[in-house]
Amino acid sequence: AKQNGVKADVRKLKDTLFQAKMKAIELNSSVSMVFDCYGWDYIAFVDDENSCEYDPTTDDILFQGNFEYSDYDANQSDDGLTFVNNDDEYPAFRWGPKGYTHGASGGFGAGTAYVSGAGARFKVVLSSTGNIRIESY
């Protein structure tokens, strides 16, 4: 049963990535996602500054989530995340208004989130073209 909970956590992260992409296109704006920060496993917010940095005084959170049955797998990369860190030292990327990814320091925002728990291990892969997929590892 707990392995199903891990699968649900991973699907929720994938769905949030997709929802953030659609919101960026809908708003014709940038929507950034920051991982393992501010008490959340991930957050998404409209990022008018294109900085990939969340400012609680000016940025409204669109989506946020915490894993219930799993966590980032620190055995894979330093913190279980391969996204480039923003200036606040949190892994982050942003969706541009055309649905493409951008990194915190420019370029593409591709990366992987390694998630594990209860013996189940999955990775949510974001490609540089904006495709999102789940794989076991």
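This passage walks through the sheet, the helix, the cores, one loop residue and the cysteines of a predicted model.

To start with the sheet, five strands line up in the order β3-β2-β1-β5-β6, forming an open sheet with antiparallel pairing. As a bit of background, strands in a sheet pair through backbone hydrogen bonds, and they can do so in a parallel or an antiparallel way. The edges here belong to β3 (61-65) and β6, and each of these has a single partner strand, so one side of each has no neighbour in the sheet. Going from one strand to the next, the twist averages 20 degrees. At one end of the order, β5 and β6 run antiparallel and are joined by 3 bridges. Here R94 sits opposite H102 of β6. The helix α1 lies across β1, β2, β3 and β5, and its direction makes an angle of about 150 degrees with β1.

What fills the inside? The largest nonpolar core is made of 25 residues, and L13, L17, M33, F35, Y72, F93 and W95 have the most contacts inside it. At least two core residues come from each of α1 (2-27), β1 (31-37), β2 (40-46), β5 (92-95), β7 (111-117) and β8 (120-126). The largest share, 6 residues, is supplied by α1. Y72 is a good one to look up in the structure: leaving out residues up to four places away in sequence, Y72 touches F35, D36, D41, Y42, F67, D79, G80, L81, A113, Y114 and V115. There is also a second, separate core of 7 residues, with V34, F45, Y54 and A92 among them.

Next comes a loop residue, P97, found between β5 and β6 (101-103). P97 has a relative accessibility of 33%, which is why P97 counts as partly exposed. Along the chain, P97 and S29 are 68 residues apart, yet their C-alpha atoms are 4.8 Å apart in space. Apart from neighbours within four places in sequence, P97 is in contact with A24, I25, N28, S29 and S30.

Finally, the cysteines: how many disulfides are there? The count comes to 0. C37 is in no disulfide, as the nearest cysteine sulfur, which belongs to C52, is 12 Å away, while a disulfide needs the two sulfur atoms within 2.5 Å. C52 is likewise in no disulfide, with the sulfur of C37 as its nearest, 12 Å away. Are these cysteines buried or exposed? C37 has a relative accessible area of 2%, so C37 is buried, and C52, at 0%, counts as buried too.

How values were computed. Residues are numbered from 1 along each chain as its sequence is written. This is a predicted model: local features need pLDDT of at least 70, side-chain atom pairs count only at pLDDT 80 or more; totals for chains, interfaces and linings use all residues. Side-chain values use heavy atoms; hydrogens and water are left out. A nonpolar core is a set of buried Ala, Val, Leu, Ile, Met, Phe, Trp, Tyr and Cys residues joined through side-chain atoms within 4.5 Å. Buried means under 20% relative accessible area, exposed over 50%, partly exposed in between (1.4 Å probe, protein chains only). Helices (H or I, at least four residues) and strands (E, at least two) are DSSP runs, numbered from the N terminus. Contact means heavy atoms within 4.5 Å. Two strands pair if DSSP finds at least two bridges between them. Axes are lines fitted to C-alpha atoms, for helices over the stretch in contact, and angles run from 0 to 180 degrees between N-to-C directions.
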